[in-house]
Amino acid sequence: MVHQHRALGPDLTIAEALELRQSGKGVRPFRRRAIEETWSDVLAARGIEVDTARRVGDLSVELVQSIEIAAADPGRGGLLILDEPTAVLPPPRVDAFFERLRATRDAGVTIVIVLHKLDEVRRIADTVTVLRNGRVIVPASSLDVLGDDELTDAIIGEDVDDGQDEGQMAATDDAATTSRTAATTAATTYMATSKAVTTSSATSTASASVSIRGVHTAPQLIDQPLTGVDLDVEAVSLVGVAGVEGNGQRSLVELLVGLV
């Protein structure tokens, strides 16, 4: 099984971390060069060419995940369980990851993969099972006979299209329109107020703004370093930073608060 969160110790080399995961061997002496060569051969046979003397903390999230999956590969006739493996991958990398999974399946491995995105389920799965509150709601079924609406209903526990008659739908539409109008009015009012506050207090809060240019940071244990980052945060504002885990958000926050 490969869990969603990384299990390889960041301060160990790849070879050390993988050797440590082996169960049932007890405590025994080892030669560093020997385990590095052994694990290099194991990973290479599964399509990963990497220097196993490298420290885990210096690797990208994607590479660490690939190493964990390759090391957990049970071989023909075995069972591989993956818990939300796409959660740490940027969208462009998901297709390549799915291709590796298909190759693993074609080599004779049964794969159970936990996913929450229907488009990903349809792209990779041969059959699908829906669990809710610890119970099987939809037993293993072919995706050919299940529509997205059926799957969604099974996942959330209620009908998405609740079959309202036209009168009910009209009433609902009117209510939704009223709600959207109110929300738009509130948002416009807030924007006007916020703009006024920002303008009137710009002088007094100018020192609270943040501006960084071309920032680079040293490699981190659990995150990608920053490379040429520009960022402006105006006074009296709220800025969100989005991205898949491990792609520099932690480094950015540590930089802004003075830890790095």
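Which residues lie nearest the centre of the largest pocket? Let's start there today, and then walk through the rest. One thing before that: this is a predicted model.

Okay, the pocket. Its lining has 26 residues, and the ones nearest the centre are Ile113, Val114, Thr127, Val128 and Thr129. The space inside comes to about 800 Å³. If you look at who builds the wall, α4, β2 (110-114), α5, β3 and α6 each put in at least two residues. Strand β3 has the largest share of that lining, with six residues. And what sort of residues are they? By class, 17 are nonpolar, four are polar and five are charged.

Now on to the second largest pocket, where about 230 Å³ of space lies. Here 13 residues make the lining, and Arg46, Ile69, Ala70, Arg100 and Thr104 sit nearest the centre. Helices α3 and α4 each supply at least two residues of this lining, with α4 giving the largest share, five residues. Sorted by class, this lining has eight nonpolar, two polar and three charged residues.

Let me stay with one of those residues for a moment, Thr104. You'll find threonine 104 in helix α4. Is threonine 104 buried or exposed? Its relative accessibility is 16%, and the cut-off for buried is under 20%, so threonine 104 counts as buried. Leaving aside neighbours within four places in sequence, threonine 104 is in contact with Asp73, Val109 and Ile111. Then there's Arg46, which also came up among the residues nearest the centre of that pocket. Threonine 104 and arginine 46 are 58 residues apart along the chain, yet their C-alpha atoms are separated by 8.9 Å.

Next, the nonpolar cores. The largest one has 23 residues, and within it Leu82 and Phe97 touch the most other members. Which elements give two or more residues to this core? They are α3 (61-72), β1 (79-83), α4 (91-106), α5 (118-124), β3 (127-132) and α6 (148-156). Helix α4 gives the most, with four residues. So α4 keeps turning up: it feeds this core, and it also helps line the largest pocket and the second largest one.

Let's zoom in on Phe97. Setting aside neighbours within four places in sequence, phenylalanine 97 is in contact with Gln65, Ile69, Leu82, Pro85, Thr86 and Leu89. You may recognise Ile69 from the second largest pocket, where it was one of the residues nearest the centre. Apart from this core there's another one, of 15 residues, including Ile14, Ala17, Val50 and Val56.

While we're in that stretch of sequence, have a look at Glu16. Glutamate 16 lies in helix α1, residues 14-21. With a relative accessibility of 18%, glutamate 16 counts as buried. Beyond its neighbours within four places in sequence, glutamate 16 is in contact with Arg32 and Ile35.

Now jump to the other end of the numbering, to helix α9, residues 249-256. Buried residues in α9 include Ser251, Leu252 and Glu254. Why do they end up on the same side of the helix? Because the arc they cover around the axis is only 165°. There's a general point behind that: an α-helix has 3.6 residues a turn, so residues three or four places apart point the same way. As for what covers the buried residues of α9, that includes β5 (210-215) and β6 (229-233). After α9 comes glycine 258, with a positive phi near 90°.

Speaking of positive phi, there are two more residues to show you, and these are not glycines. Asparagine 133 has a positive phi of about 55°. Asparagine 133 is in the loop between β3 and β4 (135-142), and with a relative accessible area of 75% it is exposed. The other is valine 236, with phi near 55°. Valine 236 is in the loop between β6 and α9. Its relative accessible area is 40%, so valine 236 counts as partly exposed.

That's the tour. If you take one thing back to the viewer, start at β3: it has the largest share of the lining of the largest pocket, and it also gives residues to the largest core.

Key: Residues numbered from 1 in each chain as written. Predicted model: local features only at pLDDT ≥ 70, side-chain atom pairs only at ≥ 80, totals over all residues. Heavy atoms only, no water. Buried < 20%, exposed > 50% of the residue type's maximum accessible area, 1.4 Å probe, protein only. Contact = heavy atoms within 4.5 Å. Core = buried A, V, L, I, M, F, W, Y, C linked by side-chain atoms within 4.5 Å. Arc of directions from axis to C-beta. 1 Å grid on protein atoms, 1.4 Å probe; cavity = no way out; pocket = protein on both sides within 12 Å on 5 of 7 lines; lining within 4 Å. Points joined across faces, edges and corners; volume = space filled by probe spheres on them. Nonpolar A, V, L, I, M, F, W, Y, C, P; charged D, E, K, R; others polar.
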